[in-house]
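Subject: The structure I promised you

Hi,

Here is the structure we talked about, so open it up and keep it on screen while you read. My notes come underneath.

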2 protein chains.
Amino acid sequence: MPTDANPRPTIYDVAQRAGVSKSLVSLVLRGSDHVSPARREAVEAAIEELGYRPSRAAAALASQRTRTVGVLIDDFHNPWFVELLAGLRSVLDPARYTASVADLQLEAATGSNPVEGFLAQHVDALVVAAEPAPGTLDGVDVPMVVAGMRELGLPDDGADVVAGDDELGARLATKHLLGLGHRRIGHLTGRSGPGAHRRRGYEAAMRDAGLEPAVTGEAGGTSEADGYAAACALLDARPETTAIVAGNDVMAVGALAALRERGLAAPADVSVVGHDDSPLAAYRFLGLTSVDGHSREVGAAAARALLARLDHPDAPPHRELLEPSLVVRHSTGPVRDASR
Amino acid sequence: MPTDANPRPTIYDVAQRAGVSKSLVSLVLRGSDHVSPARREAVEAAIEELGYRPSRAAAALASQRTRTVGVLIDDFHNPWFVELLAGLRSVLDPARYTASVADLQLEAATGSNPVEGFLAQHVDALVVAAEPAPGTLDGVDVPMVVAGMRELGLPDDGADVVAGDDELGARLATKHLLGLGHRRIGHLTGRSGPGAHRRRGYEAAMRDAGLEPAVTGEAGGTSEADGYAAACALLDARPETTAIVAGNDVMAVGALAALRERGLAAPADVSVVGHDDSPLAAYRFLGLTSVDGHSREVGAAAARALLARLDHPDAPPHRELLEPSLVVRHSTGPVRDASR
DNA sequence: CTGAAAGCGCTAACAG
DNA sequence: CTGTTAGCGCTTTCAG
């Protein structure tokens, strides 16, 4: 074990100890298969004995690649990204890539720009799982895959995209409610790409059933507070509402508060569906029926797309939409009193 | 704007364009103050015009420092870390340090060791805001500060520590309940360092009031499910309970479910206090009274301690305990029926 | 498979 | 303040 006095062992020390050349050590490090098992083992033994750790900095400088991909998420507060990240890493790790995560909110608070940070870090690629301010992505000269949202409204939307089908998800949620006999179903939306798709899915399902959509929250965000406000607006405008499709899980929780304030309960009086199937939805006390967008798979697929892009920079854009499913819990039930 | 064809501009190009020496550019980059304003501006202009981005890899290799600190958190699902991280960055950023975050759960899932990852990355220091498995921190040869927990049970617990005073926090929570007239107050705990301190605070407050502590969950974890289980155990063993001090906010939410299952409501029948004052506690639908450990300040203080340590590696260990406060919402109220 | 050699882009030390 | 000079530890040729 090296101490502060003995400088860290270098590739050269390893080579010497293993009785091989520096180049061979480098080959082993990079996982080449043109190395005989015997020598490979010798090198690995030497690495172990010396406590050698390759210097990423040196490797990056020499190879001009960092083997790091930047992952841009919206907000650490919204646990949606956790599974996405797990999926990403499950394929990035074996490929010897490291994920570096930054969130838009945090960076907004500290004044630094996350994309700038990634670029300064010289990441090899970017996974965009958020909607950065317009222009933020302009100077980006590395491959980019959009994960979890269908588009970004970028000037050059030729990027690879992997996402859950939000429109279908909202449609699923709405149909579930229709199947339970609900007719007066409202939707809580917010300004965001996925939000727009979810809204569209809701509207389509309603029209297909010959019903008039009722949407609130268009001008707001997608937080719990926004969900609360949108639900208040909905319930005040249409007190006869018997079911609510929320833009996401936290908005659904906001809606629950609005209902309770009005002396209503879910699902007895009003059914509520969330979206994302976040941990929140699974809490027993909430038991939210929610649309599962399979973000872990989205993450894995996004990583695969990224690796493919790194190999074939000029391949045509890859667009992949995963099919969502509905997780039914206790916040939805049959209409009780259709006339309320 | 450089294209793929033109290689990225280097410090040399900047120097040439600004009509100064390479060294001067390096000085400007590192924020030296021995540079005349005129030249500094010239350099900054050249940087801007060329779209120059310093290569971290080269800087790291040459200086043998990455200006990166690894932040080890427990679980991205528990939003406790978000404010901690914001606090950390608020002082790390101005000092030109970058935070690199990894969580124990994620890495456990993908099989990689986060500390190894940090070491491979050659971070300059580590912020430990989690309780890694014993032995995980053994090979660490960089400065380390423990944030948000009072100890780690390490062999060499000489590390710097910055944390909220969990014991005092739980004491605060318990006293709040006592002040409301509660006497039959139970505590939900779990295996964790902070958990042990919180438990101790609760027990001390109970004893001070001449009451017998009632604790459940010692064998479990600290998740929502664990909180639910512990609350069930508590309520079954002591149906007369009128108030619960939960180990953290998610456990409190689990307790809420256990109460409802038994036909009890908070705060009408049983008061519930959480800990961490996480976003969860603030949701209108939950409105959890919770202990605020001021994790943002903890983060900032931890970063300051780290910077100090980097400057003075041999200074005596720094231990700082921040005073928590109680955020009263709607999950606690006066005892209704002391005899239930 | 080996060994030599040439950098990658920057920092740091020093003499001007 | 400038300019020069060495490297930092690794990857990548390329000829053996």
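Below is what I found, going from one chain to the pair, then to the DNA, and ending with a bit of sheet in chain B.

One thing before you start: this is a predicted model.

**Chain A by itself**

Chain A has 340 residues, and 48% of them count as buried. Its secondary structure comes to 13 helices and 12 strands. If you draw a box around its C-alpha atoms along the principal axes, you get roughly 85 × 40 × 35 Å. Take the contacts in chain A between residues at least 6 apart in sequence: 70% of those join residues at least 24 apart.

**How the two chains go together**

What does it take to lay chain B on chain A? A rotation of 180° does the job, with 0.0 Å of shift along the axis and an RMSD of 0.1 Å. The two copies are therefore related as by a two-fold rotation axis. To find that axis on your screen, look for B:Ala57: its C-alpha is the one in chain B nearest the axis, 2.2 Å from it. Both copies use the same surface, as 100% of the contact residues of chain B recur in chain A.

As for the contact itself, 43 residues of chain B touch 43 residues of chain A. On the chain B side, the elements that each supply at least two residues are helix 4, helix 5 (80-92), strand 2 (98-103), helix 6 (104-110), helix 7 (114-120), helix 10 (224-237) and helix 11. Sorted by class, that side of chain B has 23 nonpolar, 11 polar and 9 charged residues.

**The DNA**

Which residues come closest to DNA strand C? They are A:Leu24, A:Ser36, B:Ile11, B:Ala58 and B:Ala62, out of 26 residues that surround the strand. Helix 2 (22-29) and helix 4 (56-63) of chain A, plus helix 2 (22-29) and helix 4 (56-63) of chain B, each supply at least two residues of this surface. Helix 4 of chain B gives the most, with 5 residues. The surface near DNA strand C has 13 nonpolar, 9 polar and 4 charged residues.

Now turn to DNA strand D, which has 27 residues around it. The nearest are A:Ile11, A:Ala58, A:Ala62, B:Ser21 and B:Ser36. Two or more residues come from each of helix 2 and helix 4 of chain A and helix 2 and helix 4 of chain B. For DNA strand D, it is helix 4 of chain A that gives the most, with 5 residues. By class, this surface has 13 nonpolar, 9 polar and 5 charged residues.

**A closer look at strand 8 of chain B**

Zoom in on strand 8 (residues 243-246) of chain B. B:Ala243 and B:Val245 point one way, B:Ile244 and B:Ala246 point the other way, and all are buried.

Strand 8 runs parallel to strand 6 (residues 185-188) of chain B, and 4 bridges join them. There, B:Ile185 stands opposite B:Ala243. Strand 8 also pairs in the parallel sense with strand 9 (residues 271-275) of chain B, over 3 bridges. In that pairing B:Ala243 stands opposite B:Ser271. To get from strand 8 to strand 9, the chain passes through helix 11 (residues 249-261) of chain B, and this β-α-β crossover is right-handed.

Have fun clicking around!

Definitions and conventions:
Residues are numbered from 1 along each chain as its sequence is written. Chains are lettered from A and ligands numbered from 1 in the order in which they are written. This is a predicted model: local features need pLDDT of at least 70, side-chain atom pairs count only at pLDDT 80 or more; totals for chains, interfaces and linings use all residues. A residue is near a molecule or strand if its C-beta atom, placed from the backbone, lies within 6 Å of it. Ala, Val, Leu, Ile, Met, Phe, Trp, Tyr, Cys and Pro count as nonpolar, Asp, Glu, Lys and Arg as charged, and the others, Gly among them, as polar. A residue is buried if 20 or more other C-beta atoms lie within 10 Å of its own, exposed if 12 or fewer, and partly exposed in between; C-beta atoms are placed from the backbone. Two strands pair if DSSP finds at least two bridges between them. A crossover is right-handed if, with the strands pointing away from the viewer, the path from the first strand over the helix to the second runs clockwise. Copies are superposed by least squares on the C-alpha atoms of residues with pLDDT of at least 70 in both. Two residues are in contact if their C-beta atoms, placed from the backbone, lie within 7 Å.
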